Each structure stands twice: as structure tokens, then as C-alpha cells.
Amino acid sequence: MAKRGNVGKSFLENVKDGIQKKIKKIMKTWCITPMVPIYANQDYEIPAFSQSTWYNELSRTEKENQLIDQSVESERYHFAFTDDYRSIMVWDREKNCVLSFGMESMGGDNVCYKGIRLTERMESGKCSDSLYLNQMDVLDGAGNDWVDAARMKLSLAACRKLESVVEEATAFAKRIYVFMLDEFYQNNDIRNLTNDIDAMANRIYQKKEISLKEIWTEGCELKKKYWGMPERWNHKMLTRKTLPYFLIVKMLDKSIKLWDPEAGMEEVQHIFCLADQLIKRWKMDWNGMHGESFPQPDFDQQMRTLLQHFLQIAGIGFSYVAFEKVKFDDNEKNTLFEYKNLITQKSFQFYQKAFPFCSQWKFTKDMYQCVEESAISGLIRWRPEFRNRVPDSIRWKYCLPNSALDKVFVEWRAEHCFSNVKPLEIFLRFSGIPEIVLDIPGENCPIGEKEKKVWRKFCTESYLNWKLFYRIRPLSEAAKDMLNKETIVLRRPFTTYISELFPVFHRMSLVSMDERRMEFSIHNSNTHGVQIDSQTKKRIFKEFWKEVERSHDPKGYVAMIGMEEYPMLGIENAEEQYHAQIGMLAKYPEIPLWDYGAGIKAFMDQFIGCPIDEKSQEIIDRIINSEGGKAVIHYIAVYRKKTGDDVKEEKIETQYREFLKDLIYCWADGRCTFG
């Protein structure tokens, strides 16, 4: 450490330059948040040596979020957001740890002990899918209490201790975001601004002849009304003219939200034309007064992203129009070819007509393909038989955010303060509202009134209420009031599209399933068995045996879903899993089996062709009396005792025999003789 004046020597003072560079590189890698400043020959170029580069927000009083400080009182935690609100720093004063969560994962080792990085990585708590643990620093305690003998990793005991710290901090950070959104939605400025934008969106939708000049005037008026116009602002600079552009993007998005695709593309073609004119004017303003704030490659890419958003929405509309025009029959290949040809032709014609500027601008000339890709994706979503024939682009991510504004100039908006009013700042800076809201239903997260209010508000104002998504309207209507219910029912067929729109389902517990529907517990109340009708049960057993037939790995385990019919056998599983019959990740109990898949196959193969009525009892007895059979019965009994349900092994064995009888008779169908 460097000392002031001429007292002592500077760190690395007498070390050669080449060695100095290597030492600095190593220190920069491992020295993350030093407790005291470190200067190497007065080298100030490495910030990590002289300051905490991860948690600065916690010491900057201006970064304390005044919007929700009055709503959150915590003796344990202190928190602060980053400029774009996409990261939050949490100081756990009780456990003396500081954590940095973000909406993008940075990967790599992320655990430090008193500023020194360890070769360790920890993940954020299971209660959140939107927040990633990017950095964690243990600030207190003796080294032997935390670091292993090799002085490189956390000890096993320390890992277990920190897992609960991270889980609790994740739940707190997630709740802070919900509180922030609750205050945001309640704010009068935000409410009035939203109403003004909605009113203008209605005018745009209804008035086909409206001009961009008229909309621009309205955008400038809203800017003046809510943000004010200080004289020091230079309105000739694009940085100051960008705010009306942001507001107009919101207006156009909201106007498209009113579109009923059954009315045809002509109903909204004028809105797409306005989007084209907006991009043209934005580009012209950049040419005349961009300064140093907007490098050309970055600006052009923002315009491309904005255009892509509107073209993807147009593609969704095309998917409905073309779907009605193409007659689908059993000849899938020809039908798909016919559909693709129609979409390609219509997409190009639409792009030329609705986007005269963008269709000629060299940087966006080829983007009519975005319409085509989105429309074909729309067919795939509703026609699962085509899923493997066409590249599957996830179209929901283009429409899920409230606006295209969530996608463009994100970093630039984070660096510019438009207002001292926190809600208006969040309106412009924070692009993570959908991720946070869809993250609300989750494990270990209590759902209070604030969570319910934020959920309902989002479901009403976001994509769930768009007429574009009328085919999932029954599900979206149920979703709005979801948090007030114990369960939610999904009607089949359940497609990947639905699970992507509602990513919360994988954290929920499956309650019941039949040919027509699936029911999930909203509040994660686990059961010992899923309610399943006889036909679905038979199909699950058949799928099980198909997987067993494909088993070649001697340690490959084949799972069996727990059923209400066998309540003693189901073991609750804390981790979500994929199940073919559900078609998605979800939580469900399992019935533990006596052997791995390959072992079960080898055992059952010796009975192929036998009269099953005569052999079934022998098969069951051999399984129950085998080493694996005895172990699984004992395992279930021990588990039942731990969960407060002390059941004798004899009763468990009786029910396991019933389960094996049903399972074996399903296997025998087509392989053995009956009667």
C-alpha cells in the first residue's frame, strides 16, 4: 500500500516493469473490493485497487431510492439501485455480507472474502428467475471460518451458511422491486402521463389521416407538461429532442394494442407508416445534430431494433390472416410450403407499402424477413406438427415488454437524468418491469396486497390484454386474478408458447391432470400425488415403458410422477422437472423406483411372451424382495416419518404392490398373453 510523503516505500517500487504488469494483472483479477486503498507506484488506473467498484451505490446518498424508502423498513438490509434500475445492491447487516443482483447474468466466479475473489460461484435464490447474483462479498469473520485449507474456495460449512443468506437476500431484493413498481403505478404523475398517452393512442388508432407532425406536437406538449423545459436546455441537440421520440414510441405501441387482427392489416397500416416516418425523422435529426452522444453504428442499431419490434407485431397479425386463407389438410409438407410462400409474398408487399423509408434504407432494407419469421412462428405455435420443420423464433420476447422503449437506447437512458422526480425517471430508465412482475409468484416469497396490485395492473396494461393475443384470452383472463386463487387451470393443448408467456408455471406444483386440462397450485402447496384420470394414467405408464426401452445407461434413472391413487408413495420434490406429459417444467411428486432404467428393462425382458396373469405375482414378489425393492420401501417409510406421517413399512409395501401391478399390466400390453 502506498504511503503519503516520503515515509516508507511504494508497493512494487523496485519491481521491474514487466513483472509489475503481471502482478497488477493478477491483483486486478483477484482483488475486487479492498478494505483499504492499494496504489502501485501511484498507479490510479486500476479502480479496483483503490475503491469498491461493485458496491459504490451503497455509499452514494443520492442513489438511495426515495420513492420507496418510506414503504420499506428493514433493520437487516440496506439497499440501493444502479442508474438504470436493472441492478440492486443489498447490504445484509445481520450477516455482514454485501450482494449485487442484476437482471443479466455476468457468469464466472462471484464470491469474495473481504475483497479477495475466491474460485467459487453461487447462484441467486430459487424464488427468482429474473435476478442473478453477480457479486457477493463476505465482510466479517475469521478466514478459517469461511475459506478452505487451500485458501481458494469456501469451506463446505460456509457454502451451506451462505446459501440461506443468498436465498433470503434474493427474496428481499425481489420484494423491493415489487414495492418500487407499486409506488410507480400509484404515482399521480405516472397515472396522468399514462392516461394522456392512452388518449393519444386512441386518436392515432381512430384517425387514419393523423400526421406525424400532429403527434410530434403532442409529444412536445407532454414533455413540457411533465418534465418542464428549463432555459438551459439546448433543444437543437438530439439528446434533448430524444424525449419526445420516446413518448411517441409509447403512443404508437399503445395504439397497436387496440388492433383486432380479425379486422385485417388495413386497420393499422397507417400506424406502421407513422413508425416508418418516425424512424426517418429520427435519422434525419441524427444526421444534423448528433454530437458525440450517438455514434453512428450504435444509433443505426437502435433504429433497427425499433423497426424489428414493429415488424414482429405485424408478423403476428399476418399469422392470423394467412392462417385463415390456407386450407390445412393431412399433407403437412405441401401445406407448410403453401403457407410460407403466401407469407413471404405478403410480407414483402406489406413492408414496401407501410415502410417506404425503411424498405429503401440500406441498413434496414432486408428486414421484411422479420415479418415473415414472426408469421411462420405464429403458425408453429398453433400447429405443433410443424414445430420441427421451421426454425422456432421466440416471438413473445418482441411483444412482452410494455413498449419498444424497453429495448432501444437502454444504456443511453440510464446515463441521462431527465427529471428529479423518481417515478418519471423510472418511466424512462427501467426496462425490466415484465421480468419483475412475471417473477412474483414464486417459492419462499409471500404474496401480499402489493404483489397482487402490481400483478393486476401489469396484466391489465401489458401484452396480456392485447387483442392480438385473443387465442390465449381465456388463460390471460384467468391470469389477471391468479394471485387471489389457490389454483389455475390450463386447457389443453398446452404449447411451449403458453409456458413462455407465463414462465411462472415451472415454480408451481401440479395438482391434477387429465386429457382436457392441467391444474397448478398458485402458492406451491406440495402434495403426495397428482390427481390423474385413468386414461392419462395409462398414457403416463406407456411413456414410462417407452423411456425404459430406450435406456442403455446403467445409471440412467427414469422418473415416475406421483399419483393421488398411491398417496403413501409420492415423494415431494423441491426442484422443478420436465415431464413429457406436461410438456414443460413443473413441480410434481415422484414415486421412487427399485432400479435404474436399464436394470428394469433387463429384468422385464425375461418375461416377454409369458402369460401375465400367471406371472404378475411372481414379478411383483421378486421386485419387492430384491435389494432395490426393500431399499425403496424403507426409503419411503423414513421419508414419511420425517414429514410427520409415521406409516409402517407393511402398509407402504401393500400400496407399492398395487402400483407395480398396474404398471406391469401396462407393460404386458402387446408383449405378453392375458387370461
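**Figure 1. A loop residue, Asn96, sits between β2 and β3 (97-102)**. We start in a loop of this predicted model, at a residue with an unusual-looking backbone entry. Asn96 has a positive phi of about 55°, even though it is not a glycine. Is Asn96 buried, partly exposed or exposed? With a relative accessibility of 21%, Asn96 counts as partly exposed, because the cut-off for buried is under 20%.

**Figure 2. Six strands line up in an open sheet**. Follow the strands across and you read β1-β2-β3-β6-β4-β5, with mixed pairing. Which strands stand at the edges? They are β1 (77-81) and β5 (116-117); each has a single partner strand, so one side of each is left without a neighbour in the sheet. For β1, five bridges lead to strand β2 (residues 87-92), and the two run antiparallel. To find your place in this pair, look for Phe79, which stands opposite Val90 in β2. As background, strands of a sheet pair through backbone hydrogen bonds, either parallel or antiparallel.

**Figure 3. Strands β8 and β9 make a hairpin**. Three residues lie between the two strands. Strand β8 (residues 509-513) pairs with β9 in the antiparallel sense, over four bridges. Two face-to-face pairs help you get your bearings: Ser509 is opposite Ser521 in β9, and Ser512 is opposite Glu519 in β9. How much of strand β9 (residues 517-521) is buried? Four of its five residues are, so β9 is largely enclosed by the rest of the structure. Strand β8 is mostly covered too, with four of its five residues buried.

**Figure 4. Strand β8 also pairs with strand β10 (residues 531-532)**. Here the pairing is parallel and runs over two bridges. Keep an eye on Ser512: this residue stands opposite Gln531 in β10, as well as opposite Glu519 in β9.

**Figure 5. Asp145 belongs to helix α3 (residues 143-146)**. What does Asp145 touch once you leave aside its neighbours within four places in sequence? Its contacts are Ser155 and Ala158. Asp145 and Ala157 are 12 residues apart in sequence, and their C-alpha atoms are 8.4 Å apart in space. Asp145 counts as partly exposed because its relative accessibility is 47%, and a residue has to be over 50% to count as exposed.

**Figure 6. Helices α5 (residues 188-206) and α14 (residues 422-429) cross at roughly 45°**. Their axes come within 9 Å. The two helices are therefore oblique to each other. On the α5 side, the residues that meet α14 are Asp189, Ile190, Leu193 and Ile197; on the α14 side, they are Pro423, Leu424 and Phe427. How many of these contact residues are nonpolar, polar and charged? The split is six nonpolar, no polar and one charged. It's handy to know that an α-helix has 3.6 residues a turn, so residues three or four places apart point the same way.

**Figure 7. Helix α20 (residues 597-605) has several buried residues**. These are Gly597, Ala598, Ile600, Phe603 and Met604. What covers them? The cover includes helices α19 (534-549), α21 (612-625) and α23 (649-668).

**Figure 8. The largest nonpolar core has 163 residues**. Those with the most contacts inside the core are Phe272, Phe355, Phe430, Met560, Tyr656 and Phe659. Which helix gives the most to this core? That's helix α4 (residues 156-186), which supplies 15 residues. Zoom in on Met560, leaving aside its neighbours within four places in sequence, and you find contacts with Ile540, Phe541, Phe544, Pro589, Glu590, Ile591, Leu593, Phe659 and Leu663. In soluble globular proteins, nonpolar side chains tend to be buried together.

**Figure 9. The protein chain has 23 helices and 12 strands**. Zooming back out, 52% of the chain's 675 residues count as buried. Now take the contacts in the chain with a separation of 6 or more: residues 24 or more positions apart account for 68% of them.

Terms used. Residues numbered from 1 in each chain as written. Predicted model: local features only at pLDDT ≥ 70, side-chain atom pairs only at ≥ 80, totals over all residues. Heavy atoms only, no water. Buried < 20%, exposed > 50% of the residue type's maximum accessible area, 1.4 Å probe, protein only. Contact = heavy atoms within 4.5 Å. Axes fitted to C-alpha atoms, helices over the stretch in contact; angles between N-to-C directions. Parallel < 35°, antiparallel > 145°, perpendicular 65-115°, else oblique. Nonpolar A, V, L, I, M, F, W, Y, C, P; charged D, E, K, R; others polar. Pairing = 2+ DSSP bridges. Core = buried A, V, L, I, M, F, W, Y, C linked by side-chain atoms within 4.5 Å.
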